[in-house]
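Grab a pencil and work through these exercises with the model open beside you. Try each task before you read its solution.

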Amino acid sequence: MQNKGKYYITTAIAYTSGKPHIGNNYEIVLADSIARYKRKDGYNVFFQTGTDEHGQKIELKAAEAGVTPKEFVDNVAKIIKGLCDLLNISYDKFIRTTDKEHEKQVQKIFKRLYDQGDIYKSDYQGLYCTPCESFWTESQLKDGKCPDCGREVKPAKEEAYFFKMSKYANRLIDHINKHPEFIQPVSRKNEMMNNFLIPGLQDLCVSRTSFQWGIPVDFDNRHVVYVWLDALTNYITGIGYDADGNSTDQYKALWPADLHLIGKDIIRFHTIYWPIFLMALGEELPHQIFGHPWLLQNNDKMSKSKGNIMYADDLVTVFGVDAVRYFVLHEMPFENDGSITWDLMVERLNSDLANTLGNLVNRTLSMSNKYFGGIVENRGKVEAVDEELKAIAIGTYDRVEMKMQDLRVADALTEIFNLFKRCNKYIDETEPWILAKDEAKKDRLATVLYNLAESIMIGASVLEPFMPETAAKIAAQFNTTLRDFEATKVFGGYVSGTKVTDTPEILFARLDPKEVDSKVVELVQKQKDQETTDASTDQTAENNPQTEEINIEPKEEITYEEFAKMQFQVGEILSCEAVPKSKKLLCSQVKIGSQVKQIVSGIKAFYTPEEMVGKKVMVLVNLKPAKLAGVLSEGMLLCAEDADGKLALVTPEKPMPAGAEIC
């Protein structure tokens, strides 16, 4: 096969805040099908994926789980990698942003950009979305919420380093105009140009001081490198980039990337921030960035709060690996969002996989065994009806290649299954069971079965990148090997006289929708049980050290009327900092309904300011304001105290909105 050169493909690296759902996994399956296709087409492919493991959200989740951030991400990264392996992903490199070599290079990149004047220190005051790790201005919000994820944003002010985005904006605009293939689909390019680049770029915050879980800025250790400068550079650090100019031979051979495959929700970071970082480093830009659409559950985004999450391992348990791969690839349009439901999965498996493909293979093998003892032989008894089948078979690769050049993977799969559908029609046209009744037509019957075997093997060979296990099973049952693409363009490659398997394996068994429904009920309940376990507080010695009772001196009884004067509400801590010149006090900005109150608490010995941010707490709201260490306090955070004087904040057992009344 002709060597067509290198092909470096990457995905967005998965954020280790929790187990990804099938909508997240779609991207890795899509990338794998492209990588496998390119390998089979003669390219030297390098396929990189991995995990994004730093940031405030992870620091908070680790604290909630009672483990260190590294322990937390180690566990989640193992889950993410396990799902990749389960889905038969053929990655060449699985990078983690906690890898020491990556962290070292990020520090060097940050220092280089600072030294050359692209990064400077200033103060940031704006609105921050923790899940997206993004700052926003008031004008950028959508209905007062994060424009990317729709969640609430919080006021934030801190010292930070900034990258001069505007310095490179015109150069990037010029590159996009000269390379129309750079951002795909075109709708994504238009969005980036019209909504961000042309109106003008603001300088980008590239460090944080309000949390510690990140790569330290080595010349200013109060700061950690902000997630986007950290995460985006994985595409070069993972293949041997060195900011000092000593990059590896692998990097020199692979860069620039041929395709960055990412979700449409993060395309701004990959088509604006990342190219500008590369320009500042003097590196070439990737050839193409493709922002794929979302896979929705019944036309709605998947989320735990909606209870509509579907996980890859659950789907594989019910349908099998290749059925899941087929579905997520086939059901995703080029630009618009796709939809997945359990019912639709059953329908597709029964119609496309069990009937169109599985039944075709089984019928062909069974008839070969029944009529010729398993020997498939071309006896040259050709009729006009054969020609259309042959033409469709040998033209399948070319039609698939046209679709794959534009990354229209769903359309490519449709072309392959059009061949299998034509094979089924050929059976109806030739009626092998009728031919078998006439001894004089045995040669014609043998030729018909040979044409079917050959067409199936052409289809299976082109199908291999998308459904590798299924293609291999088909080849094994026909006692042959899968072909390279060039060999599928000629009819007659299946060796006449080959004996097929005596006992055909059912590739895809039809499923009873009612049986699947009962399995889904079990899986959903299992999911809920797991989420309940995950959400429960880890009562460790640090958080709840006492199992015995504690008796305290009772206070004077009060009437209900006296108690009713106190107003308790749920508050959400937006920010927190130590009170200067105080060893005990923390000052928190606490959101209570639409208000934000400043509350000073003597809990510095038990909580760091970073641990406080994001917590939901019980607040005595109508306590008369007072000054503590010269700082105004407008309420009280309620705590429990053990026999040793250790404090723990009182928090709601279940998620509650800020401002909910405690009664």
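**Exercise 1. Get an overview of the chain.**
Task: Find out how many helices and strands the chain has, and describe its overall dimensions.

Solution:
- Start with the secondary structure: the chain has 22 helices and 27 strands. Keep in mind that this is a predicted model.
- Next, put a box around the C-alpha atoms along the principal axes; they fill roughly 110 × 60 × 40 Å.
- Now look at burial: of the 663 residues in the chain, 53% are buried.
- Then turn to the outside, where the chain exposes about 30700 Å². Carbon and sulfur atoms supply 48% of that area.
- Finish with the charges: there are 79 positive and 97 negative ones, and their mean positions lie 3 Å apart.

**Exercise 2. Explore the largest nonpolar core.**
Task: Work out which members of the largest nonpolar core touch the most other members.

Solution:
- The core in question holds 108 residues.
- The members with the most partners inside it are I22, I34, F319, F466 and F478.
- Zoom in on F478. Skipping neighbours within four places in sequence, F478 is in contact with V361, T364, L365, A453, I456, M457, Y494, T498 and V500.
- Apart from this core there is another one, of 66 residues, which includes I13, L204, Y251 and I262.

**Exercise 3. See what covers helix α19.**
Task: Identify the buried residues of α19 and some of the helices that cover them.

Solution:
- Helix α19 spans residues 468–477, and its buried residues are P468, T470, A471, I474, A475 and Q477.
- A handy reminder: an α-helix has 3.6 residues a turn, so residues three or four places apart point the same way.
- The cover over the buried residues of α19 includes α1 (22–40), α12 (321–330), α13 (342–372) and α18 (442–463).
- After α19 comes N479, with a positive phi near 55°.

**Exercise 4. Classify an aromatic pair.**
Task: Decide how the rings of Y450 and Y494 are arranged, and say which parts of the chain they tie together.

Solution:
- The structure holds 28 aromatic pairs, and we pick one of them.
- The ring centres of Y450 and Y494 are 6.2 Å apart and their planes meet at 50°, so this pair is tilted.
- Now place the residues: Y450 belongs to helix α18, while Y494 is in the loop between α19 and β17 (498–499), so the pair ties together parts 44 residues apart in sequence.
- Both Y450 and Y494 are buried.
- For a bigger group of rings, look at Y8, F46, Y235, Y241, Y251, W255 and W274, which form one aromatic cluster.

**Exercise 5. Set two residues side by side.**
Task: For S33 and D337, say whether each is buried, partly exposed or exposed, and list what each touches beyond four places in sequence.

Solution:
- S33 lies in helix α1. Its relative accessibility is 0%, so S33 counts as buried.
- Setting aside neighbours within four places in sequence, S33 is in contact with R325, L329, V409, P465 and F466.
- D337 sits in the loop between α12 and β15 (338–340). With 28% relative accessibility, D337 counts as partly exposed.
- Not counting residues up to four places away in sequence, D337 touches K264, P293, W294 and L296.
- Last step: go from D337 to L647. They are 310 residues apart in sequence, and their C-alpha atoms are 49 Å apart in space.

Notes: Residues numbered from 1 in each chain as written. Predicted model: local features only at pLDDT ≥ 70, side-chain atom pairs only at ≥ 80, totals over all residues. Heavy atoms only, no water. Core = buried A, V, L, I, M, F, W, Y, C linked by side-chain atoms within 4.5 Å. Buried < 20%, exposed > 50% of the residue type's maximum accessible area, 1.4 Å probe, protein only. Contact = heavy atoms within 4.5 Å. Helix = DSSP H or I, 4+ residues; strand = E, 2+ residues; numbered from the N terminus. Areas by Shrake-Rupley, 256 points an atom, 1.4 Å probe, with all protein chains shown as cover. Lys, Arg positive; Asp, Glu negative; His and termini not counted. Charge placed at Lys NZ, Arg CZ, Asp CG, Glu CD. Phe/Tyr/Trp six-rings, centres within 6.5 Å; stacked < 30°, edge-to-face > 60°.
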